Amino acid sequence: MAMANSAEELVFNPPELVAKNAHCSSMEQYREMHKESIKDPEAFWSKIAKEFHFENNSVGKFFEYNFDITKGPIFIQWMKGSRTNICYNCLDRHVLAGKGDAIAFYWEGNDPADRNSVTYAELLSEVCQVANFLKSRGVAAGDRVAIYMPMIKELVVAMLAVARIGAVHNIVFGGYSADSLCDRIVDAGAEVLLCADGVWRGNKLVHLKEIADEAMKMCSSRGVEVRLNVVVRHMTRVTHPASLHDTSNGHPAKKTHFDHQGRYKVTWNSDVDVDWETATSSSSSECPVVWLDSEDPLFMLYTSGSTGKPKGVLHTVGGYMLYAATTFKYSFNYHPGDVYFCTADIGWITGHSYVTYGPLLNGATSVLFEGVPTYPHTGRFWEIIERYKVSKFYTAPTAIRTLMKYGDEPVKKFDVSSLRVLGTVGEPINPEAWLWYHRVVGGGNAAIVDTFWQTETGGHVITPLPGATPTKPGSACFPFFGISVCLLDEAGEEIEGEGEGYLVFRQPWPGMMRSVYNNHQRFQETYFQKFPGFYTTGDGARRDKDGYIWVTGRIDDMLNVSGHLLSTAQVESALVEVEQVAEAAAVARPHPVKGECLYCFVTLKQGEKFTEELVADMKNKVRSKIGPFAQPDYLQLAPGLPKTRSGKIMRRVLRKIAVGDRDFGDITTLADPTVVELLFENRPANA
């Protein structure tokens, strides 16, 4: 691509204001530290471990692993035998050091009028109250607890309370459907749920308790009974959008979900449901921690799998703690006095590592944001940055591209000169968006940190360091400490120097996943079977002549829509649940805002008509089965699909059709090559 080639020639040195107080301030220092982290991981990470509290340090081997499936089961262990607790290191450690009055979070609600703050001491007190209540209701170490909440303080309190008593949290994004929530509760075997009644996202009202109630009924039909549901009455304390009170054309939820006094209505099952305030108000604000082995599970987080069945990515206590803390410190060059703002939802791994754990482990002050970037105006992010003098900002390329559409003016209305580091996450950022972010938002004075990582990696694995790395727009640059990058060809041979191939890693790092919950075989097959001896990311990458890494995207049947990873099987299985649909195939199509969007080919049963009503039904089915973010942008009638003689769908051909490219390459292996031209002629008029 011309833009990619020209972007390779653009190099931006670290801004002087950032470099002068950086934890890593030169490429020479980076290379030294990276070399030690690869050659002597024990020496490198044991020094970092001394910054945290371990109740004992009786470690046999500091780390052991096997990445070669041909030599036995895959396993990864860091500091096994040592005992610690991540909640203690996030909260108690700072309070005991006299920092209890420091602000942990500034909370910004959906409406700008809704905001407050919480200190480290206050957070610790509330965490202990919830932990004590959970213990009183029989929750113990190793139990799985599901959490389904919006971006409110109680979400942070919930996950830390669960971690404090040694239980395992399973956070489900508060935009997922009842089906998706049920799948994750059932797979985890969670008997306890912590949720909220509802949340406004802009002018849209999400009825979380209603969705949770439906999910619990589904769980019961599948043999899992949720015995306790603790509900935060969030809707009683927020400012409702003006549209709710518009007498001429009121919000549709006004009649269905609010009583005549304007109070939000929820159904209540006293056998299961407990009010959060009632549950915690009588609990003690002191709760001893449960000390855990460093290899005990901390959380599972479900991510889409290529089979369509979500997989529970399992992370453990000690290694994840070291890695989340260290990546946060170095990638954002965090220093006391900084105010940090990550726009991600805690329901995703970015929120786990870089809203909750990474910042709190470093004693940081952060912004916790409930809303969306364009409500009630398109300058909402910049308004928040001005209000709190945010110095470190982390968001997704999708959000950047969305805000770019409104031009420079919304940014210029606010003083964002406090910014020193601007991060991006979720997908590769295109050079145009990178340059706008650097020039308009950062004013040329902030370092851009384009981070590549995954739910599975626990933290950044390829990223610039803001005070050290000369950056190229669109490149994730170089591996983080402990990450040994390799590019392989289809035969598994290493590509030296400049070239493009499968992105794999040679050796483990502390924050990587340990297994797929209850399915270690799937863990081994997904990440280690294709190239024995390597962790396979599922992404392709290119190394340029200067050694910079450019992640090129998924190489399996996965889609990255607005930073949300989806499998084609997951979308297709939802579409074929529509009665009229016989078969479906989903591919990614580039999108100027989302990065990628869904383009779906649908074959109908004999005699069925492809109507606007059917298109709406199919979109709604995907929304209800997966979530609104997964709704297809394009649905095309497909009399047939391009399949090989063995029945495999040739997706590369569908991707070409989706973008209107007739350069199909070799299609001689297709059972019926004539279907390709037919599909091309049937492309939607708006495609």
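1. A good place to begin in this predicted model is the set of elements covering the buried residues of helix 8: they include strand 6 (144-148), strand 7 (168-171), helix 9 (208-221), strand 14 (297-303) and helix 20 (612-625).

2. How many of the 11 residues of helix 8 are buried? Eight are, so helix 8 (residues 178-188) is largely enclosed by the rest of the structure. If you would like to find the buried residues yourself, look for Ala178, Ser180, Leu181, Cys182, Arg184, Ile185, Val186 and Ala188. Just after helix 8 comes Gly189, with a positive phi near 65 degrees.

3. Now to the aromatic rings, which form 52 pairs in this model. One of them joins Phe67 and Phe528 in a tilted arrangement, with 5.0 Å from centre to centre and 55 degrees between the planes. This pair links distant parts of the chain, as its two residues are 461 residues apart. Phe67 sits in the loop between strand 1 (63-66) and strand 2 (75-78), while Phe528 belongs to the loop between helix 18 (520-527) and strand 24 (535-543).

4. Are Phe67 and Phe528 buried or exposed? Both are buried. They also belong to a cluster linked by ring pairs, together with Phe62, Phe63, Tyr65, Trp78, Phe505, Trp509, Phe523, Tyr527 and Tyr535.

5. Finally, have a look at Phe680, where charged side chains meet a ring. Arg662 lies over the face of Phe680, 3.8 Å from the ring centre. Arg683 also lies over the face of Phe680, at 5.8 Å from the ring centre.

Key: Residues are numbered from 1 along each chain as its sequence is written. This is a predicted model: local features need pLDDT of at least 70, side-chain atom pairs count only at pLDDT 80 or more; totals for chains, interfaces and linings use all residues. Side-chain values use heavy atoms; hydrogens and water are left out. Buried means under 20% relative accessible area, exposed over 50%, partly exposed in between (1.4 Å probe, protein chains only). Helices (H or I, at least four residues) and strands (E, at least two) are DSSP runs, numbered from the N terminus. Contact means heavy atoms within 4.5 Å. Rings of Phe, Tyr and Trp (its six-membered ring) pair if their centres lie within 6.5 Å; planes under 30 degrees apart count as stacked, over 60 as edge-to-face and the rest as tilted. A charge sits over a ring if NZ of Lys or CZ of Arg is within 6 Å of the ring centre and within 35 degrees of the ring normal.
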